[in-house]
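Q: I'm new to this structure and would like a close look at a single part of it. Could you pick a spot, go through it slowly, and then tell me what lies around it?

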Amino acid sequence: MKIAYFILLTLIMISCNNQQEFIPITFVFEKPLHNQTKYPPYFYSIAEPFTTKCGEDKFDILLKPIAVSRLDISNKEVATNAWYFEGMGENTVEFSKNWLSQYFKDTTVNAFLLEPTIREASVEQFLFKNKESCLIYSEDSPEPTLYDLPVYSKPQPLKKAMEELICKKHPENIYVLIVSDTKLSLTDTGGSAVAGNLGSDNPFQPLIDHSKSDEERLAEIDGIITKYFTSTATVTEYGSNKTIVEPAMPARDYMNKIALFRTLERIEIMEAEKDNSGKIWNIKVIEHHNTTN
Amino acid sequence: MVSLNQKHWPLLLFFLLLTQYFYAQPSRSAFENISTPCPTAPADHQLADLANKAQQKVTSFFETISELGTNEKSAAIKAIYIQNTTKLFVTNGTVEERSKYQKSGVIRNVAAYLASIKARGENSRIVINYEITDPLLPNKLVCTEEGDQLILKGSITVRQYYCKLKKYAKPSDNFDDEAQCDYWDITDKKINIEMKLMKTVNGYGWVVLINSITVLKVK
């Protein structure tokens, strides 16, 4: 009897809930997140579940699953496991808010968002395809619109626009394009810069050419410094997860080191900052070693 | 059977809500970084990078002593090897060495140790090989605070194979062949690693250095 009352009460409570709508959301980036270990606060503010009224009906909108995408890498979407808790209880708005806010507060940012740029992001092309279901967010864009779409600088107005979008257009997926006012991460350093693997222009290439002797590789250093670097240039080494692992080493010391490395196979240039004379004063690299030795 | 009268309803409702409240609370332990108790501990992916870097420095150290021992490089190259390798260590970094006939080891600063290997190699070729037997695990790093400095400490265990080749041993001789060695031993060494949070031109970064190398066991 007691159990019957309990079930009845639970059923009554459940029946009082609003109709639920699950809408996938994708955060789309046009450049990597820099210096972030945690998700920026706007992630949760934008993905937070909410209740909205469309006409006479009330809906609980649960934005799930949550994915991320990088226009400067590929068009693929990478799922986050932000909704890993969904099987743990009734996915009410309140229940989901609790878990989701904790997730974004405590979880380290998806490594995909930190990967270096591979290609130029085509924001225009993306918006052309997804204009009907896309909202643009930028905390520091000086422009109020981008290709005729409003750019929101705070999550709350964007959420209002999202409610309207859901009620009017019933999108199958919502895209939130995150843009910054600096198109390339390297142009904000005061000088020009290069990104990505420079291939044959990689200044360190002669130093990892193992067909040469140690002496021949070391003899290249002076020429490399004269051609590419300022006299006080530094090299900052990053790990494969974009953590600084060797901060600001003088370029000459760095080259002395790598010229004698037997396991070094490739040096990836993440960023090269140049002064007005075109010489590199700071270069960020990732070393790729043959670890089977 | 217990009948449910009107006065039980508030109690039942209270328990129901209480159950739902606790059920809805995320378990914080699922997110806690168990690796370190640091107030500003690196995230897991950063710890993985730092552990890799530490391992790479250990590899670099053993590559150097191997090169110095075989005495196949010029004096200028050996000087650069020593210079580079000294920089893998903290300022007062030390290396312990012990032969299988000694009960206690000799501790030298890293530059003196490298100079000693170089001198021995020039006198009679030494073949040194190694394998990492216990890598640095990010979840085993211990966080300490020394003054304002936050330091993560951990260790890597390496098995070193050391052979002082006989004078007339051919260059192709296998160091594993004891018959070719005037002296040989296998030493388990513990490499103590330190990671310090430093301010750099690119923001704060963890600097990975070898603090000391101690002998665990010689046979």
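A: Let's start with helix 3 and helix 4 of chain B, which are roughly antiparallel to each other. Keep in mind that this is a predicted model. Helix 3 covers residues 75–86 of chain B and helix 4 covers residues 110–123, and their axes cross at roughly 150°. Anything over 145 degrees counts as roughly antiparallel, so that angle earns the label. The two axes come within 10 Å, and the crossing of helix 3 and helix 4 of chain B is right-handed.

Who actually meets whom? On the helix 3 side of chain B you'll find Lys78(B), Ile82(B), Thr85(B) and Thr86(B), and they meet Val110(B), Ala111(B), Leu114(B) and Lys118(B) of helix 4. Sort the residues of this contact by class and you get four nonpolar, two polar and two charged.

Now zoom out to the chain that holds this pair. Chain B has four helices and seven strands. Walking from the N terminus, the elements of chain B go α-α-α-β-β-α-β-β-β-β-β. Of the 219 residues in chain B, 32% are buried. As for contacts in chain B with a separation of 6 or more, 65% of them join residues 24 or more positions apart.

Chain A has a helix pair too. There, helix 6 (residues 214–228) packs against helix 7 (residues 251–259) at an angle of about 160°, with the axes 9 Å apart. That angle makes helix 6 of chain A roughly antiparallel to helix 7 of chain A. This crossing, between helix 6 and helix 7 of chain A, is right-handed. Helix 6 of chain A brings Asp214(A), Arg217(A), Leu218(A), Ile221(A), Ile224(A) and Ile225(A) to the contact, while helix 7 of chain A brings Ala251(A), Arg252(A), Met255(A), Asn256(A) and Ala259(A). By class, the contact of helix 6 with helix 7 of chain A has seven nonpolar residues, one polar and three charged.

So much for helix pairs; on to the rest of chain A. Its secondary structure adds up to seven helices and 15 strands. Buried residues account for 32% of the 293 residues in chain A. Among contacts in chain A between residues at least 6 apart in sequence, 67% join residues at least 24 apart.

One thing to look for in chain A is an open sheet of seven strands, in the order 6-5-2-10-7-9-8, with mixed pairing. Strand 6 (77–79) and strand 8 (145–146) of chain A are its edges, each pairing on one side only. At the strand 8 edge, strand 8 and strand 9 (residues 149–152) of chain A pair in the antiparallel sense over two bridges. One of the partnerships to look for is Leu146(A) with Leu149(A), the latter in strand 9 of chain A.

Next, find strand 10 of chain A. It is largely enclosed by the rest of the structure, because five of its five residues are buried. Side chains in a regular strand alternate between the two faces of the sheet. In strand 10 of chain A, both faces are covered: Ile174(A), Val176(A) and Ile178(A) are buried on one side, and Tyr175(A) and Leu177(A) are buried on the other.

Strand 10 has partners on either hand in the sheet order. Strand 2 (residues 25–29) of chain A runs parallel to strand 10 of chain A, joined to it by five bridges, and Phe27(A) has Val176(A) as its bridge partner. Strand 7 of chain A also pairs with strand 10 of chain A in the parallel sense, over four bridges; here Cys134(A) has Tyr175(A) as its bridge partner.

Lying across strand 7 (134–137), strand 9 and strand 10 (174–178) of chain A is helix 5 (residues 155–169), which runs at about 175° to strand 7. In the loop between helix 5 and strand 10 of chain A sits Pro171(A). Pro171(A) has 17 C-beta neighbours inside 10 Å, so it counts as partly exposed. Leaving out residues up to four places away in sequence, Pro171(A) touches Ile23(A), Glu132(A), Ser133(A), Leu165(A) and Ile166(A). Its C-alpha atom is 9.3 Å from that of Pro24(A), even though Pro171(A) and Pro24(A) are 147 residues apart along the chain.

Conventions:
Residues are numbered from 1 along each chain as its sequence is written. Chains are lettered from A and ligands numbered from 1 in the order in which they are written. This is a predicted model: local features need pLDDT of at least 70, side-chain atom pairs count only at pLDDT 80 or more; totals for chains, interfaces and linings use all residues. Two strands pair if DSSP finds at least two bridges between them. Two residues are in contact if their C-beta atoms, placed from the backbone, lie within 7 Å. Axes are lines fitted to C-alpha atoms, for helices over the stretch in contact, and angles run from 0 to 180 degrees between N-to-C directions. A residue is buried if 20 or more other C-beta atoms lie within 10 Å of its own, exposed if 12 or fewer, and partly exposed in between; C-beta atoms are placed from the backbone. Angles under 35 degrees count as roughly parallel, over 145 as roughly antiparallel, 65 to 115 as roughly perpendicular and the rest as oblique. A crossing is left-handed if the near helix is turned anticlockwise from the far one by less than a right angle, and right-handed if clockwise. Ala, Val, Leu, Ile, Met, Phe, Trp, Tyr, Cys and Pro count as nonpolar, Asp, Glu, Lys and Arg as charged, and the others, Gly among them, as polar.
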